[in-house]
Amino acid sequence: MKRKEDIRGTLMKAGFVIVIVVYLGMLCMRGYAKDVPIEKIKEAVENAGIPEGVQELKDRDLRRYYGIDGSQNKEYFFYKADSSMNVDEVLVIKARNSEEVSSYEAAVKTHLENQKKSFEGYGVTQTALLKKAYAQAEGSYVIYMAGENADKWKSAFEKAVK
């Protein structure tokens, strides 16, 4: 009888250890992203579909909309709709270190909040799209994706870096 209790206790401990190891593994992988050239990610996102009227923007616009100096970091791409009434926008920027990740993530979250305030009260469709937007860090990348294609862009990004 004592032996059965010992075996049962050992099995319970082993099961608990396995659950902890799996949980820790999932936590470690949550923010993981492979080091992929930005051009490969850009190609994947473009293949997911860039709508008509959405143009690629450069350093000056990155500073204007996000307060990020693109001339200091060429590892990004940025598309934004021509129309101020269209929220279609995708930004993927590769940070060089954790301080940049934090800074860029704060910038995209601030941009999203500003966009929500801009459309609040009159842009019902745009507000709904902004509520589903992505403004977050994924490993050494920071992304902002809003608009009709945001889910497609996010999926293409994840496939490229995971």
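This is a tour of a predicted model, stop by stop, with what to select at each one.

**Stop 1: the main core**

Begin with L62, Y66, L91 and Y144. These residues have the most contacts inside the largest nonpolar core, which holds 23 residues. Now colour the elements that give two or more residues to this core: α3 (59–66), β2 (76–81), β3 (89–94), α4 (98–119), α5 (124–131) and β5 (141–146). Which element gives the largest share? That is α4, with six residues.

Keep L62 selected and show its surroundings. Leaving out residues up to four places away in sequence, L62 touches G67, I68, G70, Y76, F78, L91 and I93. Then select V36, F77, Y79 and A160. They belong to a second, separate core of 18 residues.

**Stop 2: helix α4**

Select 98–119, which is α4. This helix has 22 residues. From first C-alpha to last, α4 reaches 32 Å, close to the 32 Å expected at 1.5 Å a residue.

Next, pick out its buried residues: E100, V101, Y104, A107, V108, H111, L112, Q115 and F119. Look down the axis of α4. The buried residues fall within an arc of 135 degrees, so they line one face of the helix. Turn to the other side of α4, where S98, E99 and K117 are exposed. What covers the buried residues of α4? The cover includes α3, β2, β3, α5, β4 and β5.

Check both ends. At the start of α4, a side-chain oxygen of N97 comes to within 3.1 Å of the backbone nitrogen of E99. Just after α4, G121 has a positive phi of about 95 degrees.

**Stop 3: A107, inside α4**

Select A107, a residue of helix α4. A107 counts as buried, at 15% relative accessibility. Add G67 and draw the C-alpha to C-alpha distance: 7.0 Å, for residues 40 apart in sequence. Not counting residues up to four places away in sequence, A107 touches Y66 and I68. Y66 is also among the residues with the most contacts in the largest core.

**Stop 4: K109 and E105**

Stay on α4 and show the side chains of K109 and E105. They meet in a salt bridge, 3.4 Å from N to O. The two residues are four apart in helix α4, which puts about one helical turn between them. An α-helix has 3.6 residues a turn, so residues three or four places apart point the same way. K109 is partly exposed, with a relative accessible area of 40%. E105 is also partly exposed, with 22%.

**Stop 5: N73, a buried polar residue**

Go to N73, in the loop between α3 and β2. Is N73 buried or exposed? N73 is buried, with a relative accessible area of 3%. Follow its side chain to the backbone oxygen of K94, at 2.8 Å. A polar contact of 3.4 Å also joins the side chains of N73 and Y104. Y104 is one of the buried residues of α4. Setting aside neighbours within four places in sequence, N73 is in contact with I93, K94, A95, R96, E100 and Y104.

**Stop 6: K74 and D59**

Move to K74, in the same loop between α3 and β2. K74 is exposed, with a relative accessible area of 56%. Add D59. The two form a salt bridge, with the closest N and O atoms 2.7 Å apart. This pair links distant parts of the chain: D59 lies in helix α3, 15 residues from K74. The structure holds twelve salt bridges.

**Stop 7: helix α6 and its salt-bridge network**

Select residues 150–161, helix α6. Its twelve residues reach 17 Å from first C-alpha to last, close to the 16 Å expected at 1.5 Å a residue. Highlight A150, W153, K154, A156, F157, A160 and V161, which are buried. They cover an arc of only 165 degrees around the axis, which puts them on the same side of α6. Their cover includes α2 (38–48), β3, β4 (134–138) and β5.

Finish on K154. Its salt-bridge partner is E138, and the closest N and O atoms are 3.5 Å apart. E138 sits in strand β4 and K154 in helix α6, 16 residues apart. Both residues are buried. Add E158 and K162 to see the network of salt bridges that links them with E138 and K154.

Notes: Residues numbered from 1 in each chain as written. Predicted model: local features only at pLDDT ≥ 70, side-chain atom pairs only at ≥ 80, totals over all residues. Heavy atoms only, no water. Core = buried A, V, L, I, M, F, W, Y, C linked by side-chain atoms within 4.5 Å. Buried < 20%, exposed > 50% of the residue type's maximum accessible area, 1.4 Å probe, protein only. Contact = heavy atoms within 4.5 Å. Expected span 1.5 Å × (residues − 1). Arc of directions from axis to C-beta. Polar contact = N/O pair within 3.5 Å; in protein donor to acceptor, adjacent residues only side chain to side chain. Salt bridge = Lys/Arg side-chain N within 4 Å of Asp/Glu carboxyl O.
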